[in-house]
Amino acid sequence: MLSVGVQRAGVSLARSGVAACAARVALPAIRQMARGYATPKLQEVDFSKLEIQHCVPSVKKTKTPAKDLVFGRTFSDHMLELDWTSEDGWSHPHIHPFGNLSLSPSCTVFHYALECFEGMKAYKDKNGNVRLFRPDMNMRRLERSCERIALPSFNGDQLLECIKELVRTDKDWIPDQHGFSLYVRPTAIATQPTLGVGPSAAAKMFVICSPVGPYYKTGFAPVSLLADPKFVRAWPGGVGQYKVGGNYAPGINPQTEAANRGYNQNLWLFGNEHFVTEVGTMNFFVLWKNERGEKELITAPLDGTILPGVTRDSILQLCREWNEFTVSERPFTMKELVKAIKDDRVVEVFGAGTACIVSPVKNIGYEGTDYAIPLALGNAGELTQRLADTIMSIQYGEVEHPWSVVIDRAEPNAQKMAHAA
Ligand SMILES: Cc1ncc(COP(=O)(O)O)c(C=O)c1O
């Protein structure tokens with residue numbers, strides 16, 4: 001009991017705002033003391049405690065026709081929400097009708113960007129089963145992002161079970177045409193309603209879903225990239241490897257400048273050597289004949305400056321399994337890339353991410369010169385096309401693969417299975 005009192009006293013001291021600095025110094029010491037006693041166990045995220053409040057049919061939203069879907073504009077009927085406090089841990093997860101949040105303008109998320117998020121998709125296969133693609137990787141990345149910005153830790157496996165239930169609740173929102181999906185956006189924010197840079201004593205996790213169409217409606221649209229070293233997205237010791245909101249706002253002006261100069265996206269470079277890191281919000285791959293004459297697929301290494309993409313990892317694993325060329329994760333520079341383009345050794349170049357799977361590159365602008373990239377199939381290279389086809393066939397369950405996780409079985413299949421059993 002004593003420890004409860006001590007811990008509560010610590011929190012109220014921190015919240016009083018009277019001496020935020022003193023509180024920051026005092027709080028860890030008080031917690032340390034409290035740990036010596038029987039500290040009450042904080043609640044974990046617990047799927048078994050999930051509460052669901054369904055939308056009443058009269059307030060269900062009208063669905064946008066699949067052909068008119070624009071990324072991130074429409075949202076499904078429900079959302080998942082759970083709160084955390086340093087006193088109690090995680091609240092019961094709650095699925096409820098999609099709606100606005102009500103937060104104090106003093107919440108730390110609004111001032112110091114204590115926010116991180118994920119991006120994943122749910123797919124409906126041709127039998128009507130609902131699938132997720134490697135969702136465990138998104139959970140592990142969200143756990144790491146939260147940890148990096150001092151948001152509370154959570155059990156990603158339990159959160160994933162709650163997300164699966166949210167997707168099942170809104171499965172009617174997953175368009176059943178091939179190429180369409182439900183984009184799922186888990187988000188964590190700090191909700192302590194006080195100013196002062198420090199760990200937040202309160203946080204909120206919420207998950208919203210948005211039906212999305214195929215990234216390329218009429219086949220690949222290769223992109224042009226601006227590689228201007230004056231823009232730096234991330235640096236060693238920074239947070240480039242985490243999916244924190246603070247990484248994205250500073251990328252908007254460079255993106256606008258790239259657009260004004262006639263390019264689709266930024267190719268992010270780093271250092272005096274102009275190391276090639278990633279592109280826009282995608283990882284970046286080059287298939288070339290390297291200086292040793294080997295065919296090699298190369299991408300920047302996970303050195304902390306790039307996001308460890310789920311698509312990136314999938315591409316690396318698939319290409320390693322195919323074992324048809326060398327697959328390398330190692331640093332490479334614009335100088336090497338430009339030399340390879342000039343020597344006619346570049347086979348194809350593409351970006352990779354959840355939104356598009358792969359995005360062929362047709363052109364890179366660097367130090368005043370535009371370098372054309374080959375597109376063997378007209379709008380994409382052969383490897384780009386093959387990777388898009390392979391990954392989509394896994395996502396839509398056309399080939400059985402452990403990466404595609406069925407979270408809801410459609411009725412006829414369920415019946416067949418019941419018969420078989
Ligand atoms: C900066 C950045 N790099 C790469 C990616 C690709 O990651 P993923 O394949 O997990 O979508 C993303 C998208 O999340 C991103 O924002």
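This passage describes the nonpolar cores, one helix, one loop residue and the ligand surroundings of a predicted model. Local features were taken at pLDDT of at least 70 and side-chain atom pairs at pLDDT 80 or more, whereas totals for chains, interfaces and linings use all residues. Residues are numbered from 1 along each chain as its sequence is written.

The largest nonpolar core (buried Ala, Val, Leu, Ile, Met, Phe, Trp, Tyr and Cys residues joined through C-beta atoms within 7 Å) has 48 residues. A residue is buried if 20 or more other C-beta atoms lie within 10 Å of its own, exposed if 12 or fewer, and partly exposed in between, with C-beta atoms placed from the backbone. Leu225, Leu267, Val276, Phe285, Val286 and Val346 touch the most other members. Strand E13 (residues 282-289) contributes six residues, the largest share of this core. A second, separate core of 45 residues includes Tyr123, Met139, Val167 and Ile189.

Val167 is also among the buried residues of helix H5, as are Gly156 and Leu160. Helices (H or I, at least four residues) and strands (E, at least two) are DSSP runs, numbered from the N terminus.

Thr194 lies in the loop between strand E8 (181-190) and strand E9 (202-212). Thr194 is partly exposed because 19 other C-beta atoms lie within 10 Å. Thr108 is 86 residues from Thr194 in sequence, but their C-alpha atoms are 6.5 Å apart.

The shell around the ligand (C-beta atom, placed from the backbone, within 6 Å) includes Glu278, Asn283 and Arg312. Helix H7 (310-322) and E13 each supply at least two of its residues, and H7 gives the most, three.
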